[in-house]
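This report describes selected parts of one structure in plain terms. The sequence and the model are shown first, and the description follows.

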Amino acid sequence: MSQPGVPASGGALTGLQAQNGAASASGSPYTNGPIHNELMSSQGYNSQLPGSYSHLIPAKTLNPISVQSKYGGSQTVSPLSNYQGPGQTLHRPPVASNPVTPSLHSGPVPRMPQHASQNPAATPVPSGSFHPGANVSPPLNWQYNYPSTGLQTNHGPLVSSGPAMSGNTNLTTGHHYVSSGDPSLQNNFIKSGSAPPMVNSPLPTTFQPGAPLPPPPMGGPPLVRALTTQKSSQGAGPQPLFSSAVSQEATPQLTNKNTTVSRSVGYSYPSLPPGYQNATAPSAAGMPPSSLSYPSGPQAFTQTPLGANHLTASMSGLSLHPEGLRVVNLLQERNMLPPTPLQPPVPNLHEDIQRLNCNPESFRCTLTNIPQTQALLSKAKLPLGLLLHPFKDSVQPPVVTSSTIVRCRQCRTYINPFVSFLDQRRWKCNICYQVNDVPEEFMRNPLTRIYGEPHKRPEVQNATIEFMAPVEYMLRPPQPPVYLFVFDVSHNAVETGYLNSVCQSLLNNLDSLPGNTRTKIGFITFDSTIHFYSLQEGLSQPQMLIVSDIEDVFMPMPENLLVNLNESKELVQDLLKTLPQMFTKTLETQSALGPALQAAFKLMSTSGGRMSVFQTQLPTLGVGALKPREEPNHRSSAKEIHLTPSTDFYKKLALDCSGQQVAVDLFLLSGQYSDLASLCCISRYSAGSVYYYPSYHHQHNPVQVQKLQKELQRYLTRKIGFEAVMRIRSTKGLSIHTFHGNFFVRSTDLLSLPNVNPDAGYAVQMSVEENLTDTQLVSFQSALLYTSSKGERRIRVHTLCLPVVSTLNEVFLGADVQAISGLLANMAVDRSMTASLSDARDALVNAVIDSLSAYRSSVLSSQQPGLMVPFSLRLFPLFVLALLKQKSFQTGTNTRLDERIFAMCQVKSQPLFYLMLTTHPSLYRVDNLSDEGALNISDRTVPQPPVLQLSVEKLSRDGAFLLDTGSVLMLWVGKNCGQNFLSQVLGVQNYASIPHTMTDLPELDTPESARTIAFISWLREQRPFFPILYVIRDESPMKANFLQNMVEDRTESALSYYEFLLHIQQQVNK
């Protein structure tokens, strides 16, 4: 039975360590139970965990081999060093015959400039470049040159050596995604003769000592340390077919030059017999890029696959846009932020390939030009990885219902637009190059009802598609939607008043919960005891059942605690109406969260589903009890703060939940330290989500009440997938070695996702294990197998195709600076946990220094003064500086520990778009909005003011400026702001009349008010969370928060952007 990517052959598999967290205190591995290798076989998946839902795949098995998922490592080390972090590193057997030796720093590590009091000598430090084979102490930097042997892997932020392609900001090219249609189909593409527009910005760089700078701020910027690679054990075993580097054959290569195709295989769409290939060759001359936008929905594929000769000829006509080749001196042109939102770069592919490519909103790579060899990737000092948003719900992809799902018989890749049809009856896989037969049923096109045109079927026209899984993908009926709510009802919880908001939101959205007639619901409350609620049909009112023995929790009347929502709806409504008043007089201050979670797990273990937990304080009773660890005076001490869990209870329970298809979502509503570093493990490893509302109070903080209500509405009604698994495949020669996100790696590369939601993002790090010298194109395919809330088993598939290049300049030309920044942020979170926060900051800085040093030494023909960067990386230093000032990585005592941990959780689980908005907010001037360039959406006119640089230089006291930080909107109104804006938008007579606590704009009958409200509403609609609006006056205490987001300006503990660039220049030019 096949899952989204189950290997076809069995064989010995290594015991996989669940590298999602720390080892247990005793050092003994935690085993989550045997999981049979049918999961990895192309023929079946049969989970042997008691009561677990077998993932529904065909029932036949080939050579089942059992494999255990081990928890953590066996070494006994300090928590900071043994915590593996959410990024899960895979151990693979060696594949390449010529392993690449990782390069190391050859000398002392450059450090950030320090304050005079800290660094009186200001001694210059040698360059931070990599020198292969140098006999030195272990490096402190991320090593991007991943060894092809797989013997060394990095948990922390790594920097691959393959550049990403950036696009230009020249808006006249018109490369954009249309708003209508399936997002996965809305990709733009490059026609021969046109160049990819440069859209990505460069990542920030590293600080080095000895730079001729003014005295840096107190506290000093991050130290520039290299990060040691971590050794990991591995065993021999077969390569899983859903993995990224399975075969040892190479694919044809696509370059800008007039190359010769060595063989007509792979992605090059070989020539077809006469009469079958009826498409005329497109002209080599470039067409206006504005015509190269994605269709608004599934479109008929009007051209047959390209022949190899055709492809080669078209490649000779490709030219590179002059802007893309431009070298930028950032010291002279540092204001490179485009006035419109940054667009991803467009791969340099033939238009007939690119127009079928996957939308980068769902699937994008850090490098849109894939380096031919690991040596080339290592030389570029850029990370190679993928960023995915696989369950994005903006537009439903085409759905195929067929009794036959066409997949490669060797690697189990799903047929896609980038396979090659050798003739009507045979197709060649673009992942492993296996030649497969075309099934008879596939010969008929369901849309046109024409026989004999398999290349025109929807599966070969759409890079994103969803299959209805036939019965052989199921070992049992799909699970029903099950929702269990677990509420903290201690005195502290009742004081916050959160129960009123949550119960009212549930009442309002009860009929909108995703599901069908099988939907089940249940409730548990807890303080020092655990309270169950019997909702059996026929009762006149809900019955509360109290269990006071928290040491050995049992289930009273288990058959009546999870009930059918339709049959017991009135009882559920009665409970939700009375629950907020039931505990108003409580004096119970203790919190037995751990036992309550154990009880909830027991209740759900036979069915699976979603557990929503609401907690307001530090757990104090029973298993999982925690003690305060935050020391406010040590918040700025990067080595002393507690980023790792204090107990492995929550991780172990999460792994048990994952095995039974239960995901746990945590809502933390607390004004006090609650050790989120420990609590978040329950969601991280069960594929859940974390929500955090600091200082929540229904009276003292009403704006948080509004935020909770809005986000709960989205949470309760959004699409959901149950008992899901996801696998990513890539063309032979490429290998995945680390995953980032909320999940559990069940077997080498199969991600267990008990729940999957449309707001979750994932990232993977990759390396080049085999040379791609005979390869023109490579492909990546993600396959997500899940059960919909309606009980349908579905498979969502995304396929991305990218060219292979052979020169360092082309690698840099294709750098996607946003994707690179996002992947580095994920790696930095892991490094913070496995090493220290200062190590993570150093590695971020070194990422910039190393890549720009590589560009200067290997690409630039003449050594020019200044800081010379490729156009694609023009925003790289800025984005890294923004990361260093982001809550996850900033220094200083202003950041509370739980807030820092929550920011790190967001980095690991958010899709790239939201992560970049949190890292580098958007600033707009809004007191002069006009309809020029406005969007027209549903009869609304939405102004589009230009994006400004994040510097006080761009602010003026006679204007009003809106700062969008993702989760918060801040409207700063200058003292001398025009009377028109005050009266027509804010509805006040003068500046002094602006309320100090204004969090909403009045709806006035003026064009100015309509424009401002339309713009703010449009920003809020673009995201799954609800950004609070604060209107800030000059003397408002919130002004400090507003100015803290001006990342280009100097702060007490960090350099300004210009100082940062000077420091980077000093290190790069050594």
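Helices α20 and α21 are roughly perpendicular to each other, a label for angles of 65 to 115 degrees, where under 35 degrees would count as roughly parallel, over 145 as roughly antiparallel and the rest as oblique. The model is predicted: local features need pLDDT of at least 70 and side-chain atom pairs count only at pLDDT 80 or more, while totals for chains, interfaces and linings use all residues. Residues are numbered from 1 along each chain as its sequence is written, and side-chain values use heavy atoms, with hydrogens and water left out.

**The chain as a whole**

The chain contains 23 helices and 39 strands. These elements are DSSP runs numbered from the N terminus, with helices being H or I over at least four residues and strands being E over at least two. Of its 1070 residues, 67% count as buried; buried means under 20% relative accessible area, exposed means over 50%, and partly exposed lies in between, for a 1.4 Å probe and protein chains only. Among contacts between residues at least 6 apart in sequence, 82% join residues at least 24 apart, where contact means heavy atoms within 4.5 Å.

**The helix pair**

The axes of α20 (residues 979-986) and α21 (residues 1007-1021) come within 8 Å and cross at roughly 70°. Axes here are lines fitted to C-alpha atoms, for helices over the stretch in contact, and angles run from 0 to 180 degrees between N-to-C directions. On the α20 side, N980, F981, Q984 and V985 meet E1008, S1009 and T1012 of α21. The residues of this contact divide into two nonpolar, four polar and one charged. In that grouping, Ala, Val, Leu, Ile, Met, Phe, Trp, Tyr, Cys and Pro are nonpolar, Asp, Glu, Lys and Arg are charged, and the others, Gly among them, are polar.

**A four-stranded sheet**

An open sheet has the strand order β34-β37-β38-β39, with mixed pairing. Its edge strands are β34 and β39 (1028-1032), each of which pairs on one side only. Neighbouring strands are turned by 15° against each other on average, direction ignored. Two strands pair if DSSP finds at least two bridges between them. The pairs in this sheet are listed below.

| Strand pair | Sense | Bridges | One bridge partner pair |
|---|---|---|---|
| β34 (922-925) and β37 | antiparallel | four bridges | S922 and D964 |
| β37 and β38 (968-973) | antiparallel | five bridges | A960 and V973 |
| β38 and β39 | parallel | five bridges | L971 and V1031 |

Helix α20 packs on this sheet and touches β37 and β38, its direction making about 140° with that of β38.

How many residues of strand β37 are buried? Five of the five residues of β37 (residues 960-964) are buried, so the strand is largely enclosed by the rest of the structure. Both of its faces are covered, with A960, L962 and D964 on one side and F961 and L963 on the other. The hairpin of β37 and β38 has three residues between the strands, and there G966 takes a positive phi near 95°.

Helix α19 (residues 912-919) is also largely enclosed by the rest of the structure, because six of its eight residues are buried. These are L912, Y914, L915, M916, L917 and T919.

**A three-stranded sheet**

Another open sheet has the order β14-β15-β16 and antiparallel pairing. Strands β14 (420-423) and β16 (435-437) stand at the edges with a single partner each, so one side of each has no neighbour in the sheet. The average turn between neighbouring strands of this sheet is 35°, direction ignored. Three bridges join β14 to β15 (residues 426-428), and D423 has R426 in β15 as its bridge partner.

**Cysteines**

The structure holds zero disulfides, a disulfide being a pair of cysteine sulfur atoms within 2.5 Å. The cysteine sulfur closest to that of C432 is in C408, 3.5 Å away, which is too far for a bond. C432 is buried at 3% relative accessibility, and C365 is buried with a relative accessible area of 3%.

**Positive phi outside glycine**

E723, a residue other than glycine, has a positive phi near 35°. E723 lies in strand β26 (residues 721-730) and is buried at 0% relative accessibility. S938 has a positive phi near 50°. S938 lies in the loop between β35 (935-937) and β36 (940-942), and at 66% relative accessibility S938 counts as exposed.
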